[in-house]
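Hi,

Here is the structure I promised to pass on. Have a look at it first, and my notes follow underneath.

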Amino acid sequence: MLRGSRVPGTTTDQRLLDSRGPTDWVHTDPWRVLRIQSEFVEGFGALAELGPAVSVFGSARTKPGTEFYELGSEVGRRLAEAGYAVITGGGPGAMEAANKGAHEAGGASVGLGIELPFEQGLNEHVNLGVNFRYFFARKTMFVKYARGFVVLPGGFGTLDELFEAVTLVQTQKVTSFPIVLMGTGYWGGLFDWLRGTVLDAGTVSPRDVDLLHLTDDVDEAVRIIIEADEQVAAKRPE
């Protein structure tokens with residue numbers, strides 16, 4: 001309710017329909033809420049009928065022809081052959097490698113891009129792509145439509161996605177799904193730290209650490225995901 005001097009000199013409809021007014025409103029928080037909402041709607045709509053999928057994380061800095069790039073490509077290929085869509089961040093490096101492997105195997109190759117100043121566009125091996133402004137909307141799509149995670153060697157972004165995933169499983173915010181880290185030489189130090197310093201301090205339990213699987217074997221990684229998927233399916237009501 002507005003009275004006296006609080007009553008504006010124009011109506012809301014008048015301000016909405018007047019093209020001569022200021023445009024600052026498109027940068028306000030209420031408008032951002034609508035943009036956030038639109039990203040969720042677009043993501044849900046694009047991926048709702050995707051089918052079984054696995055999210056693959058890894059560094060955008062991984063170079064073609066390197067060991068980790070070839071590993072990512074093989075992961076993407078084997079997942080596609082096992083009947084899974086492959087979801088990545090859609091960028092270059094390890095993400096491109098996983099998309100490449102999935103695409104060349106005839107599978108669904110999904111890229112969830114993000115607006116960054118140093119990373120432009122989706123890689124050419126994506127056959128279903130969605131771009132996001134907001135990390136948290138994008139990360140929701142990684143989790144909602146995945147039945148497992150494969151984590152290739154990566155940096156801060158990969159670590160962020162890894163630990164968010166394991167936290168969601170640990171706290172039972174999502175249905176439990178496997179998280180497989182590829183590259184014992186790369187991730188071994190992290191596992192030693194978790195099983196030593198962190199576990200000894202009592203800040204995690206042995207069960208928490210066991211949520212993570214470490215391997216160099218792509219076949220083993222895919223087997224872990226398939227077996228976990230079958231266990232979840234067996235527990236679902238008819």
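Once residues within four places in sequence are set aside, Asn-99 is in contact with Val-86, Thr-88, Gly-90, Ser-109, Val-110, Asn-123, His-125 and Val-126. Please keep in mind that this is a predicted model. Asn-99 itself is found in helix α4, which covers residues 94-104. Is this residue buried or exposed? Buried means under 20% relative accessible area, and Asn-99 has 0% relative accessibility, so it counts as buried. Its side chain also has a polar partner: a polar atom there lies 3.2 Å from the backbone oxygen of Val-110.

Now for the sheet. It is open and has 7 strands, paired in parallel, in the order β4-β3-β2-β1-β5-β6-β7. Each of the edge strands, β4 (128-132) and β7 (212-215), pairs on one side only. On average, neighbouring strands are turned by 20° against each other, ignoring direction.

If you want a pair to zoom in on, try β1 (residues 53-57) and β2 (residues 85-88), which pair in the parallel sense over 3 bridges. There, Ala-53 of the pair stands opposite Ala-85 in β2.

Two helices that pack on the sheet are also worth a look. Helix α5 (residues 135-144) touches β1, β2, β3 (109-114), β4 and β5 (149-151), and its direction makes about 160° with that of β3. Helix α7 (residues 184-200) touches β5, β6 (179-182) and β7, with its direction at about 140° to that of β7.

Happy browsing, and best wishes!

Definitions and conventions. Residues are numbered from 1 along each chain as its sequence is written. This is a predicted model: local features need pLDDT of at least 70, side-chain atom pairs count only at pLDDT 80 or more; totals for chains, interfaces and linings use all residues. Side-chain values use heavy atoms; hydrogens and water are left out. Helices (H or I, at least four residues) and strands (E, at least two) are DSSP runs, numbered from the N terminus. Buried means under 20% relative accessible area, exposed over 50%, partly exposed in between (1.4 Å probe, protein chains only). A polar contact is a pair of N or O atoms within 3.5 Å; within protein, one must be able to donate a hydrogen and the other to accept it, and residues adjacent in sequence count only if both atoms are side-chain atoms. Contact means heavy atoms within 4.5 Å. Two strands pair if DSSP finds at least two bridges between them. Axes are lines fitted to C-alpha atoms, for helices over the stretch in contact, and angles run from 0 to 180 degrees between N-to-C directions.
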